[in-house]
Amino acid sequence: MLISIVYHSGYGHTARQAEAVAEGARRVAGADVKLTSIGDGEIPWDTLEASDAIIFGSPTYNGLISAKFKEFMEASTKTAWFEQKWLNKIAAGFTNSGAQHGDKLNSLVSIALFAAQHGMTWVNLGLMPGNSSSTGSVNDLNRIGSWLGAMAQSNNDQAPDVTPIKSDLDTAAHLGQRVAEITQRFVSGSTQGK
Ligand SMILES: Cc1cc2nc3c(=O)[nH]c(=O)nc-3n(C[C@H](O)[C@H](O)[C@H](O)COP(=O)(O)O)c2cc1C
């Protein structure tokens, strides 16, 4: 089972989140996980076509996905969308921003729509919101309280080795593991077709 993670990170914070997603996916036996950083060389379109799942990640810039991630989306129109090469593959998404909220839901919605346009099968985060009761804290899994995908928040004045915090990285790892587990079911259950 091949799981690709395609992400952009201008300053390294979303890259930490992407690595955590990969770490979570690798917990599942049989998962071959490939990380692609947009902007570091050519996009491996053949690897994406061969993947059973693609997890997309972008920082939130100006309340939406980054321009580099949008460039990737547009490039995929010719290389994958036109022939529906990603039809029925599993998809999921993650995003990271400087503000606690930062309008980052808009980034996940854009990624989910993009996956839908490719005919992909969206996997959500599958976690109850953390930090939402009197006994909650920022150390809770899903402390930001997303359903659509994994969210992280990185303090604007700190380097990626410090921020996003562990609970956000654990939330990202949860998404990676969940995608790998669902992909495994999907792949082993399929008998024909894409
Ligand atoms: C051009 C630009 C626009 C940004 N816009 C937002 C925003 O709309 N909301 C927000 O919360 N943070 C915003 N930020 C902060 C980034 O989301 C934050 O620094 C994030 O950790 C960057 O991830 P990266 O290191 O992977 O690039 C912006 C940063 C940049 C550079």
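**Notes on a predicted α/β chain**

1. Let me start in a loop: alanine 29 sits between α1 and β2. This is a predicted model, so please read each point below as a statement about the prediction. Alanine 29 counts as exposed because it has just 8 C-beta neighbours inside 10 Å, where 12 or fewer is the cut-off. If you want a long distance to look at, take alanine 29 and serine 132: they are 103 residues apart along the chain, and their C-alpha atoms are separated by 33 Å.

2. Now the overall picture. The chain has 5 helices and 7 strands, and from the N terminus the elements follow the order β-α-β-α-β-β-α-β-α-β-β-α. For 194 residues, a compact globule would have a radius of gyration near 16 Å, and the chain agrees, with 16 Å. Along the principal axes, the C-alpha atoms fill a box of roughly 50 × 35 × 25 Å. Of the 194 residues, 43% count as buried. Taking contacts between residues at least 6 apart in sequence, 78% join residues at least 24 apart.

3. Strand β3 is a good place to look next. β3 covers residues 53–61, and 8 of its 9 residues are buried. β3 pairs with strand β1 (residues 2–7) in the parallel sense over 5 bridges; here isoleucine 3 has alanine 53 in β3 as its bridge partner. β3 also pairs in the parallel sense with strand β5 (residues 90–97), over 7 bridges, and isoleucine 55 stands opposite alanine 92 in β5.

4. A third pairing of β3 runs the other way: with strand β4 (residues 64–65) the sense is antiparallel, over 2 bridges. Tyrosine 61 has leucine 64 in β4 as its bridge partner. The two strands form a hairpin with 2 residues between them, and asparagine 62 in the turn has a positive phi of about 55°.

5. The pairing continues from β5 to β7, in the parallel sense over 4 bridges. One of the partnerships joins phenylalanine 94 to alanine 150 in β7. In a regular strand the side chains alternate between the two faces of the sheet. In β7, Ala150 and Ala152 lie on one side and Met151 and Gln153 on the other, and all are buried, so both faces of the strand are covered.

6. How enclosed is helix α1, and what covers it? Of the 14 residues of α1, 10 are buried, so the helix is largely enclosed by the rest of the structure. Among them are His13, Thr14, Arg16 and Gln17. The cover over the buried residues of α1 includes β1, β2 (32–37), β3, β5, β7 (150–153) and α5 (166–189). The length is also as it should be: at 1.5 Å a residue, the 14 residues should span 20 Å, and the end C-alpha atoms are 20 Å apart.

7. Helix α5 passes the same kind of length check: its 24 residues should span 34 Å at 1.5 Å a residue, and the end C-alpha atoms are 34 Å apart, which agrees. The buried residues of α5 include Asp168, Thr171, Ala172, His174, Leu175 and Arg178. These buried residues pack against β1, α1, β3, β5 and β7.

8. For the ligand site, there are 20 residues around the ligand, and Tyr11, Thr14, Ser97, Gly98 and Gly102 come nearest. The elements giving two or more residues to this shell are α1 (13–26), β3 and β5. By type, the shell divides into 5 nonpolar, 14 polar and 1 charged. Thr14 also appears among the buried residues of α1.

9. Finally, some backbone details you may want to inspect. Threonine 163 and proline 164 are joined by a cis peptide bond, with omega about 10°; proline 164 is placed in the loop between β7 and α5. In the loop between α3 (67–81) and β5 you will find glutamine 84, whose phi is near 50°, a positive value in a residue other than glycine. Glutamine 84 is partly exposed, with 13 other C-beta atoms within 10 Å. Asparagine 88 belongs to the loop between α3 and β5 too, and has a positive phi of about 70° although it is not a glycine. With 15 other C-beta atoms within 10 Å, asparagine 88 is partly exposed.

Note on methods:
Residues are numbered from 1 along each chain as its sequence is written. This is a predicted model: local features need pLDDT of at least 70, side-chain atom pairs count only at pLDDT 80 or more; totals for chains, interfaces and linings use all residues. A residue is buried if 20 or more other C-beta atoms lie within 10 Å of its own, exposed if 12 or fewer, and partly exposed in between; C-beta atoms are placed from the backbone. Two strands pair if DSSP finds at least two bridges between them. A residue is near a molecule or strand if its C-beta atom, placed from the backbone, lies within 6 Å of it. Ala, Val, Leu, Ile, Met, Phe, Trp, Tyr, Cys and Pro count as nonpolar, Asp, Glu, Lys and Arg as charged, and the others, Gly among them, as polar. The expected span of a helix is 1.5 Å times one less than its number of residues. Two residues are in contact if their C-beta atoms, placed from the backbone, lie within 7 Å. The radius of gyration is taken over C-alpha atoms; the globule rule is 2.2 Å times the number of residues to the power 0.38.
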